[in-house]
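Hi everyone, thanks for making time for this. Please have a look at the sequence and the model, and then we will walk through a few parts together.

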Amino acid sequence: MKFPLRRTTWVLAAGLALAALPTAPAQAASTLANTGFEADGAGSAAPSGWSEYGTTAASFSEAGGHGGSYRLSHYSASAYKVETYQYLTGLTDGNYTLSGWVRSSGGQNSAYISLKNCGSSEQRTDLPPTPNGTWIRLVTSVKVVGGACTVSLNSDAAAGQWANFDDFTFTSGSTGVAVKGADVSSLKKNEDYGGVYRNSSGTATDALTTLKSAGMNYARLRVWLNPADGYNNKARVLTQAKRIKAQGMKLLVDFHYSDTWADPGVQSPPAAWSGHSYSQLTTDVYNHTYDVLNALKAQGTTADMVQIGNEINTGLLWPAGSTSNWSQTAGLLKSGAQAAKAVSSSTLVALHLAHGGDNALYRWWFDNAVAQGIPFDVIGLSFYGYWHGALSDLQTNLDDLSNRYKKPLYVAETAYPHRLDSDDGWENVIDQQSELVSGYPATEAGQSAWFRDVLSVVEAVPGGRGLGVFWWDATWTAVAGNGWDPVDPSSGNAWENQALFGYGDTPLPAMQMFKHR
């Protein structure tokens with residue numbers, strides 16, 4: 001199937017219309033008309049209810065809609081710039097949200113939906129590239145002052161690039177994300193081993209200050225029990241929590257219940273708990289969780305959110321807590337959650353899995369969690385596009401989880417490279433063109449677009465349940481001695497090309513995406 005279909009006559013005419021004047025505006029109304037582009041069928045170069053400006057022949061309705069039979073397409077065989085819009089009047093002042101389904105070839109100079117001329121600043125959401133033809137739902141919100149607003153669909157593109165739009169709504173209310181976060185677990189060790197962070201002017205500064213000024217409002221810290229290098233333990237978390245709270249940021253504590261990395265492939269108990277029975281492990285989890293969180297509270301840095309385990313697809317504290325025995329998995333998780341709430345009832349308890357595009361996994365896992373009575377407030381997902389599927393897979397999963405469990409959701413981890421070469425000679429996790437997500441090059445612009453688009457997908461979760469996104473690991477730049485293996489000081493960093501500070505230690509443009517919403 002090709003995306004999109006089109007008529008030759010429109011393609012030929014498009015190249016002559018670059019300087020076209022605006023068409024007569026549609027009659028102003030207080031409700032959005034022809035929201036699914038069904039009124040005219042295929043072949044309408046000016047969809048009913050909509051006006052056009054620019055290369056008007058590049059804006060037309062055609063077969064192949066998202067929900068109905070038709071859609072709006074922007075396309076031309078020549079370079080084009082076109083806007084399809086509706087001007088609404090008679091609105092009651094207040095907040096409004098535009099929601100609609102889109103897809104795009106990617107690579108345009110710009111392609112976005114927007115609300116403008118509303119008496120406040122224009123609000124835009126860019127179209128993510130979806131070259132595989134999948135639809136993505138986007139939202140954007142604005143405050144209307146003066147009773148009028150323009151709904152605008154825009155493309156500025158080279159020859160042959162396309163965008164599709166369908167099934168729009170314009171309703172009262174607003175969207176946005178509350179969590180604009182990053183994991184900064186590597187920061188202290190980087191600094192202690194000589195790492196420097198600079199602001200955009202090149203002046204050495206506190207990395208947290210730079211991140212805060214870019215719009216970050218939430219920091220994530222992992223905690224291990226007795227790591228070999230002495231970092232990411234209770235004492236280090238307490239120290240870093242003071243710095244984070246001093247910046248006015250909120251704090252997420254990520255318990256690994258291990259001395260080292262815990263993820264779907266390995267959930268090794270800490271050495272101090274080796275040989276402990278399942279019953280003893282439930283006590284260990286409670287005591288360790290309570291100890292760390294109570295110490296944070298005692299020093300005035302109460303955790304705002306806590307993850308009971310890290311990427312626990314297959315459980316935790318193997319073999320006792322493996323999901324091959326759900327009742328024991330549940331018992332350990334209940335113990336951690338109860339400890340967190342005993343310290344602070346307002347601290348949100350999160351359960352965090354990897355493979356954020358796998359809806360079948362999440363349904364299976366959380367159906368079991370609910371059946372076992374595990375208490376939780378929030379669902380966390382890791383989503384790395386080069387491993388976990390398309391953005392549309394993430395959106396499908398988020399939408400289903402929101403509807404099924406009625407819980408807020410957040411992307412606990414995402415990242416993307418701004419380049420492929422290594423800064424320390426150690427092989428990077430992602431270092432080949434073939435590993436990249438289509439439409440997102442390993443450039444500063446590509447990294448920024450990835451962060452922007454993940455934020456946009458989370459923002460669009462129905463019911464306002466999309467909390468936000470954490471970038472992983474924003475401050476882990478290449479510094480000798482701070483490698484991936486806490487046991488081996490000579491191990492290198494395989495992630496420095498995905499940090500939010502570049503190889504010159506200055507902030508990358510992707511950092512500004514904290515201000516995206």
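Let me start with a small puzzle: which residue in β9 is the bridge partner of Y80? It is A157. Before we go on, please keep in mind that this is a predicted model.

Let's stay with that strand for a moment. Y80 opens strand β4, which covers residues 80–88. Strands β4 and β9 run antiparallel, and nine bridges join them. There is a second neighbour too: strand β6, residues 110–116, is joined to β9 by seven bridges, again in the antiparallel sense. If you want one pair to find on your screen, take L115, whose bridge partner in β9 is V151.

So is β9 mostly buried or exposed? Strand β9 spans residues 149–157, and eight of its nine residues are buried, so the rest of the structure largely encloses it. For a residue, buried means that its relative accessible area is under 20%.

Now let's move along the chain to another strand, β18, at residues 466–471. Here six of the six residues are buried, so to speak a mostly covered strand. What pairs with β18, and in which sense? One partner is strand β11, residues 179–183, which pairs with β18 in the parallel sense over four bridges. In that pairing, V179 stands opposite G468. Strand β17, residues 409–414, also runs parallel to β18, and four bridges join the two. There you can look for T414, which stands opposite W471.

Let's zoom out to the whole chain. How many helices and strands does the chain have? There are 10 helices and 18 strands. The chain has 517 residues, and a compact globule of that length would have a radius of gyration near 24 Å; the value here is 25 Å, which agrees. Along its principal axes, the C-alpha trace spans about 75 × 50 × 45 Å.

Of the 517 residues, 57% count as buried. Here is a number I like: take the contacts between residues at least 6 apart in sequence, and 77% of them join residues at least 24 apart. On the outside, the chain exposes about 18,700 Å², and carbon and sulfur atoms supply 50% of that area. As for charge, there are 35 positive and 44 negative side chains, and the centres of the two sets lie 7 Å apart.

Finally, some backbone details that are easy to miss. Where is the cis peptide bond that I want to show you? It runs from W318 to P319, with omega near -5°. P319 sits in the loop between β14 (305–308) and α6 (326–343).

Two other residues have a positive phi although neither is a glycine: N34, at about 50°, and D505, at about 75°. You will find N34 in the loop between α1 (8–14) and β1 (51–54), while D505 is in the segment after β18. Why does N34 count as buried? Its relative accessibility is 15%, and the cut-off for buried is under 20%. D505, on the other hand, has a relative accessible area of 22%, so it is partly exposed.

That is my tour, and I'm happy to go back to any part of it.

Technical notes. Residues are numbered from 1 along each chain as its sequence is written. This is a predicted model: local features need pLDDT of at least 70, side-chain atom pairs count only at pLDDT 80 or more; totals for chains, interfaces and linings use all residues. Side-chain values use heavy atoms; hydrogens and water are left out. Buried means under 20% relative accessible area, exposed over 50%, partly exposed in between (1.4 Å probe, protein chains only). Two strands pair if DSSP finds at least two bridges between them. The radius of gyration is taken over C-alpha atoms; the globule rule is 2.2 Å times the number of residues to the power 0.38. Contact means heavy atoms within 4.5 Å. Accessible areas come from the Shrake-Rupley method with a 1.4 Å probe; for residues, only the protein chains shown count as cover. Lys and Arg count as positive and Asp and Glu as negative; His and the chain ends are not counted. The place of a charge is taken as NZ of Lys, CZ of Arg, CG of Asp or CD of Glu.
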